[in-house]
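Here is a quick walk through a structure, one feature at a time. Have the 3D view open as you read.

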Amino acid sequence: MAISSSSAYHLVFCLLVTLLIPLPSHAADPDPLQDFCVADLNSTLSINGFPCKPLSQVTSEDFFFSGLAKEGDTNNVFGSIVTPGSVSFFPGVNTLGISMNRVDFAPGGVNVPHSHPLATETGVVIKGRLLVGFVSTSNVFYSKVLTPGQVFVIPRGLVHFQKNVGNGKAQTFTAFNSQNPGVNLLPRTLFASKPPIPNDVLTKAFQVEDYVVDSIKSKLAA
């Protein structure tokens with residue numbers, strides 16, 4: 001069936017309007033509807049995030065956070081420690097779609113393979129030499145050794161890690177496009193969940209004997 005000239009112009013106009021309409025934001029969190037919403041961490045309300053503290057109770061201190069200024073204690077089995085600056089620790093970022101972490105590494109320390117299901121991550125190396133790597137959903141491993149001032153990005157939800165490959169301590173600051181990026185630490189997720197994943201599932205998945213799974217579980221439970 002032939003299309004009239006006016007109908008054709010109308011169709012083209014509709015297509016152009018569709019293409020020119022601003023696309024929705026791709027931020028991990030929804031856009032705020034007010035200047036700020038300092039989190040009320042003591043609220044008993046259960047919502048997707050935190051309710052706002054009454055404006056009359058908001059102070060300048062709500063918008064400043066010194067928690068990332070101090071080096072973390074890396075005396076643990078992994079030789080690294082994450083100091084979070086998410087909404088649970090820095091209420092001022094509530095509804096703003098951002099947060100930060102500090103990660104400190106002892107020599108040889110590893111920020112073990114993990115993922116952030118709720119946010120994309122970017123980071124800058126402050127001190128030392130870090131091997132940073134992630135694995136895509138196509139099972140391709142991307143990595144590079146970074147030195148101070150160099151930046152990395154980890155796409156949302158992908159498994160990644162950092163390892164200190166230098167001779168001394170290392171440090172990085174990371175930022176997320178969510179007030180609460182979430183984290184799944186693979187070793188603890190798989191071998192230290194509560195209640196535990198059945199051994200027969202893990203022995204099948206990793207093609208190992210039962211005693212190997214028990215050994216890993218006992219080490220991570222310590």
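## Where two helices meet

Keep in mind that this is a predicted model. A good place to start is the contact of helix 3 with helix 4: Asn199, Leu202 and Thr203 on the helix 3 side touch Asp210, Val213, Asp214 and Lys217 on the helix 4 side. Sorted by class, that contact has two nonpolar, two polar and three charged residues.

Two packed helices are described by the angle between their axes and the distance between the axes. Here, helix 3 spans residues 199–206 and helix 4 spans residues 210–221, and their axes come within 9 Å while crossing at roughly 110 degrees. Since angles of 65 to 115 degrees count as roughly perpendicular, that crossing makes helix 3 roughly perpendicular to helix 4.

## A cis proline ahead of helix 3

Step back along the chain from helix 3 and you reach the loop that joins it to helix 2 (186–191), which is where Pro195 sits. The peptide bond running from Lys194 to Pro195 is cis, and its omega is near -5 degrees.

## The sheet with strand order 1-2-9-4-7

Now for the strands. One open sheet has five of them, in the order 1-2-9-4-7, with antiparallel pairing. Strand 1 (80–85) and strand 7 (151–154) each have a single partner strand, so they are the edges, and one side of each has no neighbour in the sheet. From one strand to the next, the twist averages 20 degrees.

At the strand 7 edge, the partner is strand 4 (residues 121–127), and the two pair in the antiparallel sense over four bridges. To find the register, look at Gly123, whose bridge partner in strand 7 is Phe152.

## The sheet with strand order 6-5-8-3-10

Another open sheet of five strands runs in the order 6-5-8-3-10, again with antiparallel pairing. Strand 6 (141–146) and strand 10 (184–185) are the edge strands here, each pairing on one side only.

Working in from strand 6, you meet strand 5 (residues 130–135), which pairs with strand 6 over six antiparallel bridges; Leu131 stands opposite Val145 of strand 6. The loop between strand 5 and strand 6 holds Asn139, whose phi is near 65 degrees, a positive value in a residue other than glycine.

Strand 5 also pairs with strand 8 in the antiparallel sense, over six bridges, and there Val135 has Val159 of strand 8 as its bridge partner. Strand 8 (residues 159–164) in turn pairs with strand 3 (residues 110–115), antiparallel and over three bridges. In that pairing, Val110 is matched with Lys163 of strand 8.

## One cavity

How many cavities of 30 Å³ or more does the structure hold? There is one, and about 50 Å³ of space lies in the largest cavity. Its lining is made up of Glu71, Thr74, Arg102, Asp104, Phe105, Ala106, Lys127, Lys169, Ala170 and Gln171.

Which strands each supply at least two residues of that lining? They are strand 2 (99–105) and strand 9 (170–176), and strand 2 gives the largest share, with three residues. By class, the lining has three nonpolar, two polar and five charged residues.

Notes: Residues numbered from 1 in each chain as written. Predicted model: local features only at pLDDT ≥ 70, side-chain atom pairs only at ≥ 80, totals over all residues. Heavy atoms only, no water. 1 Å grid on protein atoms, 1.4 Å probe; cavity = no way out; pocket = protein on both sides within 12 Å on 5 of 7 lines; lining within 4 Å. Points joined across faces, edges and corners; volume = space filled by probe spheres on them. Nonpolar A, V, L, I, M, F, W, Y, C, P; charged D, E, K, R; others polar. Axes fitted to C-alpha atoms, helices over the stretch in contact; angles between N-to-C directions. Parallel < 35°, antiparallel > 145°, perpendicular 65-115°, else oblique. Contact = heavy atoms within 4.5 Å. Pairing = 2+ DSSP bridges.
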